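Colleague: Could you take me on a close look at the place where two of the domains meet? I would like one connected account that I can follow with the model open beside me.

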Amino acid sequence: MKTYSLKVVNIKLETPDTVTLCFKQPGLRKIKYSPGQYLTLIFRINGRRYLRPYSFSSAPSVDATLDVTIKRVHHGIISNHIHDQVKIGDVVEVLEPMGDFGSNVISQEELFLWGVGSGITPLISIAKELLFHNSNIKIHLIYGNRDVDQTIFLQLIQSLETNYGDRFNVIYFYTKLAVKPNLPYWVQGRISRESILEIMRNRQISGVSHLICGPFGLKESLVSTLLELGFSKEEIFSEDFELIKDPMDFVDINTQHVHVQFGEQKVVLEVIKGQTILESALDAGIDLPYSCQTGSCNTCKAKVLQGTVKIIGIEKERSDLEDNETLLCCSHPTSEDVIIKI
Ligand SMILES: Cc1cc2nc3c(=O)[nH]c(=O)nc-3n(C[C@H](O)[C@H](O)[C@H](O)COP(=O)(O)OP(=O)(O)OC[C@H]3O[C@@H](n4cnc5c(N)ncnc54)[C@H](O)[C@@H]3O)c2cc1C
Ligand code: FES
């Protein structure tokens, strides 16, 4: 997999706990990407290598720099490292862009972007690119936040509303009401089933796509309500920032030993109940390949030579995996003496 070294040329404070890192495009070998894709940032901290995916918040036709926008996560290793340690002038290693979120909607007439918090990042990239390029598409952004001060890209979104008023319509949802007169349209509360029905009342169904990026609860209520309204599954796309773990999925999982064959290395890992095989390997200092950690990129694909494993936490069906293949970022051993080959 290709890697690049990118120089940080600007850091923007978007909200008190969100920053945008702006990277200079390499002089040679410019990085090509599509809106909705993500960049995997690589950091080495205390001798351990960490990779984390961040969706582009820049749009390829609009922005000169490659931008990713990072929200601090409580106790999160890399989000806090970026906020506290990364400076203008630093060079960060990244993997080539990955992901296909939003790639199917270019020819649609109308697009609904549903996002909450940092879920805005791929949506703003897609909105900028389509508004700039596609003079026919109409875009609706439905954007939930705790309050106005936590609204990432508020000024940018307002300027897009001013510049593309007839084609770009925004509805802001705030769980903690804070009255600011400069907001054209805001709603108190969460994006609920009732509000989805209200927003979609008397809307056309054909030629319309929906892109969702936010917590599992938002996605669940959006998908079920949109299906009920007559939209087909093929018109609803979502991007997950984390695995969805239900404690009930772990009832048949126990701490087990897993044999890992990685190139010349052969190691036996103790995989503690709740940990994935990937997490156990990384904790043991084995630099297995990975990127998204949400079961969508395939970078961590491995063969199960013996024993059984269970994939937990991914929403998308993975019919492309062979019977003896698994994704280590979401795999848990379900039998003794599992043997994995990467
Ligand atoms: C495709 C994709 C795109 C993404 N795009 C974005 C984006 O645009 N912007 C963005 O901000 N994020 C994005 N993410 C999420 C991002 O990749 C990271 O997962 C996120 O920044 C957290 O990483 P971290 O290293 O800070 O947290 P980690 O250290 O990985 O921690 C993960 C979780 O474990 C918890 N945790 C960790 N350590 C402890 C501890 N000691 N005690 C208690 N709890 C703990 C944290 O609270 C957190 O919930 C994206 C993810 C994916 C899959
Ligand atoms: S790291 Fe992307 S599928 Fe596992």
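Modeller: Happily! In this predicted model, the centres of domain 1 and domain 3, taken over C-alpha atoms, are separated by 27 Å. To place them on the chain, the domain assignment puts domain 1 at residues 3-98 and domain 3 at 247-341, with domain 2 at 110-239.

Let us start with the contact itself. On one side, 11 residues of domain 1 take part, and they are in contact with nine residues of domain 3. Together the two domains bury an area of about 770 Å² between them, and carbon and sulfur atoms give 39% of that area. If you want three residues to display on the domain 1 side, pick Arg 48, Arg 49 and Leu 51: this trio supplies 51% of the area that domain 1 buries against domain 3, more than any other three residues.

Now for the polar side of the contact. Four residue pairs are in polar contact between domain 1 and domain 3, counting pairs with both residues at pLDDT 80 or more. Which elements of domain 1 give two or more residues to the side that touches domain 3? They are β3 (38-45), β4 (48-55) and β6 (91-98). Among these, β4 gives the most, with six residues. By kind, the residues on this side of domain 1 divide into six nonpolar, one polar and four charged.

Charge pairing deserves its own moment. Side chains of opposite charge can pair when their charged atoms come close. Between domain 1 and domain 3 the count is two salt bridges. The side chains of Arg 44 and Asp 287 also meet in a salt bridge, at 3.5 Å from N to O. For the wider picture, the count comes to 13 salt bridges. Another salt bridge joins Lys 71 and Asp 17, whose closest N and O atoms are 3.5 Å apart. That pair links distant parts of the chain, with Lys 71 in strand β5 (residues 66-71) and Asp 17 in the loop between β1 (3-15) and β2 (18-23), 54 residues apart.

Lys 71 also brings us to ligand 1, since a polar backbone atom of Lys 71 is 2.9 Å from an oxygen atom of the ligand. Two side chains can be added to that view. A polar side-chain atom of Arg 52 lies 2.8 Å from an oxygen atom of ligand 1, and a polar side-chain atom of Ser 79 lies 2.6 Å from an oxygen atom of ligand 1. There are 22 residues around the ligand, and those that come nearest are Pro 53, Tyr 54, His 74, Ser 79 and Thr 121.

Two further residues are handy for finding your way around. Lys 87 sits in the loop between α1 (77-85) and β6. Leaving aside neighbours within four places in sequence, Lys 87 is in contact with Val 8 and Ile 11. From Lys 87 to Phe 43 it is 44 residues in sequence and 14 Å in space, C-alpha to C-alpha. The other residue, Ile 339, belongs to strand β19 (residues 338-341). With neighbours within four places again left out, the contacts of Ile 339 are His 259, Gln 261, Lys 303, Val 304, Leu 305 and Gln 306. Ile 339 and Asp 283 lie 56 residues apart in sequence and 18 Å apart in space, C-alpha to C-alpha.

How values were computed. Residues numbered from 1 in each chain as written. Chains lettered and ligands numbered in written order. Predicted model: local features only at pLDDT ≥ 70, side-chain atom pairs only at ≥ 80, totals over all residues. Heavy atoms only, no water. Domains from an automatic or database assignment. Contact = heavy atoms within 4.5 Å. Buried area = accessible area lost by both parts, 1.4 Å probe. Salt bridge = Lys/Arg side-chain N within 4 Å of Asp/Glu carboxyl O. Polar contact = N/O pair within 3.5 Å; in protein donor to acceptor, adjacent residues only side chain to side chain. Helix = DSSP H or I, 4+ residues; strand = E, 2+ residues; numbered from the N terminus. Nonpolar A, V, L, I, M, F, W, Y, C, P; charged D, E, K, R; others polar. Near = heavy atom within 4 Å.
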